[in-house]
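This report covers the nonpolar core, the domains and the chain contact of the model shown here.

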Amino acid sequence: MATTEEIRADLAEIVNEVAGIPADDVQLDKSFTDDLDVDSLSMVEVVVAAEEKFGVKIPDDEVKNLKTVGDAVAFIEQAPQA
Amino acid sequence: MTTPIQTSTGAAHTRILGIGGYRPSRVVSNAEICEQIDSSDEWIRTRSGIVERRWAEDHETVQAMSVGAARDALKHAGVAPEQIGCVIVATVSHLLQTPAVAPLIATELGTTKAAAFDISAACAGFCHGVALGSDLIRAGSAKYVLAIGVERLSDITDRTDRGTAFIFADGAGAAVIGPSDEPGIGPVVWGSEGEQFDLIRQNEKWPQAIDAGDKVMPTLRMDGNPVFRWASFEMAKIAREALDLAGVALEDLDAFVPHQANMRITDAMARALRLPDNVKIARDIATQGNTSAASVPLAMLRMYDEGTLKSGDTALMIAFGAGLVYAAQVVTVP
């Protein structure tokens with residue numbers, strides 16, 4: 001099982017690839033929209049890439065609850081493997 | 001006694017012989033769009049890549065724009081109207097339910113009683129038309145086929161709808177398809193996903209509009225994020241399938257010409273496909289908007305004009321839209 005830090009680091013890489021945000025900026029307390037400037041379309045790309053990377057399903061209804069990087073990491077940690 | 005029915009056979013291979021386009025005269029800026037929606041030039045540019053679009057004037061009808069595009073394509077192909085055996089018009093914005101607009105276009109062009117009909121495959125219409133045209137020629141049903149994609153989406157766009165008013169636009173594109181010594185149109189990968197019928201649709205049926213006493217016709221609505229997800233990722237898989245069926249490796253591709261739905265979709269598809277840097281990507285949407293069935297040929301034309309595409313190049317075309325429906329094929333550029 002990946003650690004919280006491993007998931008954060010992998011997610012940071014995805015955010016970097018999709019939106020060009022420096023991976024080091026993608027910390028648990030950062031808001032996707034307010035701090036990292038990830039808009040809703042980029043968020044869709046991040047979610048799809050995260051689903052592939054972590055082998056989980058992130059339903060559309062859930063995406064709006066993932067406000068911070070920490071929210072997304074926590075969701076991925078508890079989500080059953082798809 | 002049963003008489004065996006004779007069948008026809010056509011050319012072994014087909015290719016696109018010429019393309020043409022018609023861009024409406026009126027340029028509509030993001031500032032003008034924002035007079036009716038609460039948005040901004042910057043928001044529209046970052047969300048769609050659209051800087052401006054073209055909307056048709058009254059005289060630029062579906063028929064007139066189609067004829068303009070088709071004449072260019074015939075000239076480019078060196079094919080006379082009388083040689084055309086079939087005219088296929090892909091459109092969702094010819095606002096007369098019957099008859100189809102294709103017979104009028106065939107007649108105005110001067111074809112000799114060519115078969116002519118409309119198809120409704122929304123934004124995927126042009127790639128459907130190319131697939132049909134190619135197969136008609138290989139079956140011997142026609143020697144030359146004219147496939148047209150044409151829209152006046154401004155007529156069915158709600159100019160106060162923040163989600164769509166800035167996207168849709170007008171125009172026409174056409175291709176002449178004919179027999180070829182070498183394969184110039186790869187196998188089509190196409191399909192439909194009716195369970196997602198509601199994602200892009202008119203907001204109501206005509207009888208509902210009449211019952212409600214509406215003085216406006218039904219207009220387009222789109223559920224943006226699910227469409228973005230489907231178009232960017234599911235369609236990348238379809239694009240890959242079209243390459244595989246044609247036996248063309250990503251490295252051997254010269255150009256990627258997707259339906260000009262949204263620049264962000266084009267970018268996301270290119271990333272999902274892992275397109276090599278040397279593959280040229282069509283980006284006509286920036287100044288043309290999303291012209292639905294007309295977008296692929298118009299985008300290809302711009303690449304010609306800008307010198308990024310030349311005759312003999314190998315291009316991957318893919319188009320997708322309301323239905324949901326999609327079609328993709330690899331073609332040799334005329």
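A nonpolar core is a set of buried Ala, Val, Leu, Ile, Met, Phe, Trp, Tyr and Cys residues joined through C-beta atoms within 7 Å; a residue is buried if 20 or more other C-beta atoms, placed from the backbone, lie within 10 Å of its own. The model is predicted: local features need pLDDT of at least 70, side-chain atom pairs count only at pLDDT 80 or more, and totals for chains, interfaces and linings use all residues. Residues are numbered from 1 along each chain as its sequence is written, with chains lettered from A and ligands numbered from 1 in the order in which they are written.

The largest nonpolar core has 139 residues, and among those touching the most other members are Val87(B), Ile148(B) and Ala319(B). Helix H7 (residues 224–246) of chain B gives the most to this core, eleven residues; helices are DSSP runs of H or I with at least four residues, and strands are runs of E with at least two, numbered from the N terminus. Each of the two domains of chain B contributes at least three residues to the core.

Domain bounds come from an automatic or database domain assignment. The C-alpha centres of domains 1 and 2 of chain B are 14 Å apart. Contact means C-beta atoms, placed from the backbone, within 7 Å.

| Domain of chain B | Bounds | Residues in contact with the other domain |
|---|---|---|
| Domain 1 | 13–180 | 44 residues |
| Domain 2 | 189–332 | 44 residues |

Between the chains, nine residues of chain B meet six residues of chain A. H7(B) supplies six residues of the chain B side, the largest share.

Definitions and conventions: Buried ≥ 20, exposed ≤ 12 C-beta atoms within 10 Å, placed from the backbone. Contact = placed C-beta atoms within 7 Å.
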